[in-house]
Amino acid sequence: VTVFDQLNSRPADSLLALIKAFQADDRPGKIDLGVGVYRDAMGRTPVMRAVKAAEQFLLETQDSKKYLGPEGDLQFVRLLEPIIFGNSPKFAQRLAGIQTPGGSGALRLGAELIQTANPSAKVLLGTPSWPNHKPIFASARLDVKEYAFVDLTSQQVTFESVVSALSSAREGDVVLLHCCCHNPTGIDFTMEQWREIADLLVAHRLVPFIDLAYQGLGDGLEQDAAPTRMILDAVEEALIAYSCDKNFGLYRERVGALYVVARNADDVRKAESNMAGLARVNWSMPPDHGAAIVKTILESPEMTAIWRTELEEMCRRINGNRAALAAASPELAFVSRQRGLFSNLSMRKETAVALRANHGIYMADSGRMNLAGMQPADAGAIVAALRAEGC
Ligand code: PMP
């Protein structure tokens with residue numbers, strides 16, 4: 001017996017297969033709504049101008065790459081705080097933060113922190129969700145309890161199922177929440193529903209684990225932060241997994257942070273030391289370059305202004321595409337009410353396959369489409385293809 005012959009292969013990532021299939025397709029009108037990255041009007045995912053300026057600055061001024069420590073660059077962590085939490089929120093004294101390898105690293109670290117503090121906590125996850133959520137929590141040996149939060153046929157939130165899931169949870173259970181730009185559905189709760197969720201969290205003493213991976217790509221930085229701030233104002237304890245990989249276009253640089261809101265200064269210190277210890281045994285220290293870029297941008301009013309303008313432009317383009325699809329078909333009116341990179345049409349896998357084969361329109365088999373993958377002028381072709389395939 002050898003070690004590796006005892007392994008079973010895992011299924012291939014279907015989105016990566018989709019990229020290859022799209023590249024191999026030589027039809028001129030093909031449209032890629034598959035992969036989850038922002039695309040500009042030329043179909044590119046460019047390095048943002050603010051990022052280029054920061055990299056230039058770093059190239060000229062960075063004089064050492066010595067180790068920083070498991071918590072990464074704490075100046076980066078601090079500079080993000082007003083963007084996420086606003087200026088002087090009332091929980092500011094109860095906040096701890098650590099730099100992580102992307103939002104994924106923040107989720108994993110948060111999961112392990114919960115596992116360390118309260119291993120019997122269940123994680124409530126509204127479905128559908130980002131496919132990596134469940135495995136991340138499960139691999140930290142936490143029990144994940146899924147509940148449907150949305151009906152894709154009607155494209156409506158099924159709020160009673162949210163209320164029922166939260167009401168039947170036990171004190172200390174964790175509730176994963178996409179506080180803007182839901183992946184994969186684009187369906188965000190209304191502010192009123194968020195308020196009800198905050199009340200349920202408080203009433204049942206549940207711990208929100210907020211996943212913020214797309215701030216600024218819904219309605220703008222401030223607007224997208226509103227549900228997060230409202231919830232954090234209400235609860236005693238929370239975790240926030242933040243990603244800069246989308247809103248700074250830094251994807252492969254792996255830029256993120258995990259924040260914890262705790263009850264008092266004592267708990268903050270305990271959370272901080274545990275986060276650092278868990279980081280140490282996972283990746284020792286987070287990669288620096290991307291965080292150094294974000295820090296450089298946020299330390300410079302000029303670069304920050306460029307970044308904000310670029311982000312607003314990205315946001316406008318996505319919402320313009322949403323409006324174009326809605327204008328091309330009344331059945332797709334819901335797309336213009338959804339936010340972020342994605343919407344998830346209700347379709348069978350065979351339909352997604354037929355859209356590729358018969359029309360050169362590529363989306364995930366689940367019916368998830370990336371709204372940044374199209375041009376407004378593509379709306380007619382997309383609607384015609386959907387109608388031809390009976391959806
Ligand atoms: N949360 C959600 C909802 C996401 O969609 C993603 C990335 N697709 C992440 C977290 C992780 O982001 P990162 O690439 O920064 O690890």
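Phe209 stands opposite Leu239 in β9. This pair of residues belongs to a predicted model, and it offers a starting point for a description of the sheet, the helices around it and several unusual backbone sites.

**The central sheet**

The strands concerned are β8, residues 207-212, and β9, residues 238-243, which pair in the parallel sense over four bridges. In general, the strands of a sheet pair through backbone hydrogen bonds, either parallel or antiparallel. Both strands belong to an open sheet of seven strands, in which the order is β2-β10-β9-β8-β7-β3-β4 and the pairing is mixed. Why is one side of β2 and of β4 left without a neighbour in the sheet? Strand β2 (95-101) and strand β4 (143-148) stand at the edges and have a single partner strand each, so one side of each remains free of a neighbour in the sheet. From one strand to the next, the twist averages 20°.

A helix also lies against this sheet. Helix α9, formed by residues 265-282, packs on the sheet and touches β2 and β10 (255-261). The direction of α9 makes about 10° with that of β2.

**Two pairs of helices**

Two packed helices are described by the angle between their axes and the distance between the axes. The table gives these values for two pairs in the model.

| Helix pair | Axes come within | Crossing angle |
|---|---|---|
| α3 (residues 74-85) and α10 (residues 289-299) | 9 Å | roughly 50° |
| α6 (residues 159-167) and α7 | 10 Å | roughly 15° |

With axes that cross at roughly 50°, helix α3 is therefore oblique to α10. The crossing of α3 and α10 is left-handed. Which residues meet in this pair of helices? From α3 come Gln75, Phe76 and Leu79, and these meet Ala291, Val294, Lys295, Leu298 and Glu299 in α10. The residues of the contact of α3 with α10 comprise five nonpolar, one polar and two charged.

The axes of α6 and α7 cross at roughly 15°, and α6 is therefore roughly parallel to α7, since angles under 35 degrees count as such. Helix α6 passes α7 in a right-handed crossing. On the side of α6, the contact is made by Phe159, Val162, Val163, Leu166 and Ser167, while α7 contributes Gln193, Ile197 and Leu200. Sorted by class, the contact of α6 with α7 has six nonpolar and two polar residues, and no charged residues.

**Unusual backbone sites**

Most residues other than glycine have a negative phi, and most peptide bonds are trans. Three sites in the loops of the model may be read against this background.

The peptide bond from Thr127 to Pro128 is cis, and its omega is near 0°. Pro128 is found in the loop between β3 (122-127) and α5 (133-139). Asn183 and Pro184 are also joined by a cis peptide bond, with omega about 15°. The loop that holds Pro184 runs between β7 (174-178) and α7 (191-203).

Is the phi of Gln155 positive or negative? Gln155 has a positive phi, near 55°, although the residue is not glycine. Gln155 has its place in the loop between β5 (150-151) and β6 (156-157).

**The annotated span**

For residues 29-385, an unreviewed UniProt entry lists "domain: Aminotransferase class I/classII large". The end C-alpha atoms of this span lie 12 Å apart. Helix accounts for 45% of residues 29-385 and strand for 16%.

How values were computed
Residues numbered from 1 in each chain as written. Predicted model: local features only at pLDDT ≥ 70, side-chain atom pairs only at ≥ 80, totals over all residues. UniProt positions renumbered as here; feature names shortened; annotations may be inferred. Helix = DSSP H or I, 4+ residues; strand = E, 2+ residues; numbered from the N terminus. Pairing = 2+ DSSP bridges. Axes fitted to C-alpha atoms, helices over the stretch in contact; angles between N-to-C directions. Contact = placed C-beta atoms within 7 Å. Parallel < 35°, antiparallel > 145°, perpendicular 65-115°, else oblique. Left-handed = near helix turned anticlockwise from the far one by under 90°. Nonpolar A, V, L, I, M, F, W, Y, C, P; charged D, E, K, R; others polar.
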